[in-house]
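Here's a quick tour of a protein with two ligands, written for someone who likes to poke at coordinates. Have a look at the model, then read on.

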Amino acid sequence: MENDKYTIGIVGATGFTGSELARLLCQHENVTIKHITSETHKGKLFSDLHPQFLGILDQKLESADVIGDSELDVIFLALPHGVSMDFVKKWKHKKSKIIDLSGDFRLSSPEVYKDWYQKDHVFVEGFENAVYGQPELFAEQIKKSSLVANPGCYPTASILSLAPLFAAGLIEEGSVIIDAKSGLTGAGVKANDTTHFSNVNENFKAYGVGVHRHTVEIEEQFSILGKSNVQVQFTPHLLPIDRGILATSYAKTTRKLDQESLNSIYNDFYEGKPFVRIRKIAPAIKDVRGSHYCDIFPFWDERTGRVIAISTIDNLLKGAASQAVHNMNLILGLEEKTGLEQIPLRP
Ligand SMILES: NC(=O)C1=CN([C@@H]2O[C@H](COP(=O)(O)OP(=O)(O)OC[C@H]3O[C@@H](n4cnc5c(N)ncnc54)[C@H](OP(=O)(O)O)[C@@H]3O)[C@@H](O)[C@H]2O)C=CC1
Ligand SMILES: CC(=O)N[C@@H](CCC(=O)OP(=O)(O)O)C(=O)O
């Protein structure tokens with residue numbers, strides 16, 4: 001702590017989620033940003049790379065090495081998967097709480113990680129300590145943790161869309177299909193063939209069909225909630241927009257429901273969870289853009305006997321940076337909404 005404020009560091013602050021973390025945290029009343037790091041751009045000012053911060057956050061970018069010598073309360077890792085784990089391992093003796101935005105500690109074991117990320121894990125101990133950072137599901141565990149695995153963007157939208165039904169034991173085995181669409185910032189700051197303007201503009205496509213790594217992340221969390229081994233069919237799609245995720249989840253239920261009972265199940269489950277809003281009509285991505293909200297519309301289709309749950313989040317916020325700040329608030333014992341009450345940006 002310094003001047004009654006918690007000290008934090010953001011590693012990988014030149015990327016999309018790192019800069020969103022900086023935006024949220026430089027206005028957070030209980031923290032002070034001590035270090036923001038970049039290996040490629042160390043020495044430059046943060047506002048040189050992100051001009052929207054000019055005069056607001058003109059702090060110098062430093063190498064992540066400075067974090068090793070610094071006593072911070074919280075370290076955010078906004079690094080690619082496969083890179084984060086090296087830092088968690090290197091800093092395992094530090095007292096700082098670590099919130100990792102990558103997928104490196106979200107799964108149940110190094111074996112599952114290797115199957116879906118095609119990479120050997122370098123810090124197996126991390127799996128024992130890491131807590132899956134979905135505040136609506138695991139707030140009590142998060143409060144006591146020192147390593148938080150912040151959920152992926154597609155998993156956040158997908159898990160929240162059906163969590164109430166899994167928790168109530170109402171999902172028919174093998175019936176879940178999730179069709180999800182993401183804006184381009186989900187792919188990170190580095191451009192490639194897929195993200196080339198002419199391949200994205202006025203275009204729309206599925207990718208990672210049958211093999212996307214978020215499939216297993218969603219399955220594992222549903223399995224915990226439903227207390228059984230869950231399989232889902234998950235297909236991500238790339239939308240020609242900057243930010244936002246919309247997931248449409250389909251499931252059969254073990255007994256017949258109706259719209260009223262479905263609404264009650266969702267409203268009861270999310271009571272006291274300030275950032276999940278249960279909607280009466282299908283939400284649009286712009287209804288949550290720039291905010292920490294997840295909007296969900298649960299619909300009972302009487303004709304087919306299926307639930308369709310449509311959920312939307314901002315991938316960079318509820319799907320990454322604001323979720324990480326929510327986790328930080330829980331770990332530090334702060335009011336959970338602190339610094340997270342931005343109203344969605346429309347149009
Ligand atoms: N974008 C999204 O919507 C979401 C992203 N995530 C996850 O969050 C993490 C960050 O994502 P995002 O911000 O999009 O990623 P970006 O690709 O935009 O940024 C990652 C940053 O990491 C730094 N970096 C890369 N390699 C190394 C390295 N070897 N050592 C140190 N720093 C390195 C880079 O900074 P520099 O070169 O300046 O050092 C870069 O700016 C990823 O794991 C991603 O999967 C999770 C949910 C949603
Ligand atoms: C549009 C897009 O490319 N999205 C990314 C997911 C971003 C994310 O949440 O990734 P992590 O689980 O690695 O943190 C993808 O499909 O790989």
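Which residue stands opposite Ile308 in β14? Phe299 does. That pair is a handy way into the strands around β14, but let's set the scene before going back there.

## The chain as a whole

First, a caveat: this is a predicted model. The protein chain holds twelve helices and 14 strands. Its radius of gyration is 20 Å, close to the 20 Å that the globule rule gives for 347 residues, so the chain is as compact as a globular protein of that length. If you're setting up a box, the C-alpha trace spans about 60 × 45 × 40 Å along its principal axes.

Of the 347 residues, 48% count as buried. Take the contacts between residues at least 6 apart in sequence, and 70% of them join residues at least 24 apart.

## Two domains and where they touch

The chain splits into domain 1 (6–150 + 320–331) and domain 2 (153–313). Over C-alpha atoms, their centres are 25 Å apart. Contact between the two involves 17 residues of domain 1 and 17 residues of domain 2.

On the domain 1 side, the elements that each give two or more residues to this contact are α5 (110–117), α7 (135–143) and α12 (321–331). By class, that side of domain 1 comes out as eight nonpolar, seven polar and two charged residues.

## Ligand 1

Where does ligand 1 lie relative to the two domains? Both domain 1 and domain 2 give residues to its shell, so ligand 1 lies between them. The shell counts 29 residues, and the closest are Gly15, Ser38, Ser102, Gly188 and Val189.

Helix α1 (residues 16–25) supplies the largest share of that shell, with three residues. The class breakdown is eleven nonpolar, 16 polar and two charged.

## Ligand 2

The residues around ligand 2 are His81, Ser102, Gly103, Gly152, Cys153, Ser182, Gly186, Ala187, His214, Pro236 and Leu238. Ser102 is in this list, and it is also one of the closest residues to ligand 1.

How many charged residues does the shell around ligand 2 have? It has none: the shell is made of four nonpolar and seven polar residues. Each of the two domains puts in at least three residues.

## The parallel sheet

Now for the strands. One open sheet has seven of them, in the order β3-β2-β1-β4-β5-β7-β6, with parallel pairing. At the edges stand β3 (61–62) and β6 (131–132), each with a single partner strand, so one side of each is left without a neighbour in the sheet.

Further in, β1 (residues 6–11) pairs with β4 (residues 74–77) in the parallel sense, over four bridges. One spot to click on is Ile10, whose bridge partner in β4 is Phe76.

## Back to β14

Why can β14 (residues 306–313) be called largely enclosed by the rest of the structure? Six of its eight residues are buried, so that description fits.

This strand has antiparallel pairings with β11 and β13. With β11 (residues 245–252), β14 shares eight bridges and runs antiparallel; Leu246 stands opposite Thr312 there. With β13 (residues 294–301), the pairing is again antiparallel, over seven bridges, and this is where Phe299 faces Ile308. The hairpin of β13 and β14 has four residues between the strands, and Gly305 takes a positive phi near 70° in it.

## Backbone oddities to check

Most residues other than glycine have a negative phi, and most peptide bonds are trans. A few places in this model go the other way. Asn3 has a positive phi near 50°; it sits in the segment before β1 and is exposed, with 6 other C-beta atoms within 10 Å. Lys227 isn't a glycine either, yet its phi is positive at about 55°. You'll find Lys227 in the loop between α10 (214–226) and β10 (233–238), where it counts as exposed with 10 C-beta neighbours inside 10 Å.

Finally, the peptide bond from Arg346 to Pro347 is cis, with omega near -5°. Pro347 belongs to the segment after α12.

Methods
Residues are numbered from 1 along each chain as its sequence is written. Chains are lettered from A and ligands numbered from 1 in the order in which they are written. This is a predicted model: local features need pLDDT of at least 70, side-chain atom pairs count only at pLDDT 80 or more; totals for chains, interfaces and linings use all residues. A residue is near a molecule or strand if its C-beta atom, placed from the backbone, lies within 6 Å of it. Ala, Val, Leu, Ile, Met, Phe, Trp, Tyr, Cys and Pro count as nonpolar, Asp, Glu, Lys and Arg as charged, and the others, Gly among them, as polar. Domain bounds come from an automatic or database domain assignment. The radius of gyration is taken over C-alpha atoms; the globule rule is 2.2 Å times the number of residues to the power 0.38. A residue is buried if 20 or more other C-beta atoms lie within 10 Å of its own, exposed if 12 or fewer, and partly exposed in between; C-beta atoms are placed from the backbone. Two residues are in contact if their C-beta atoms, placed from the backbone, lie within 7 Å. Two strands pair if DSSP finds at least two bridges between them.
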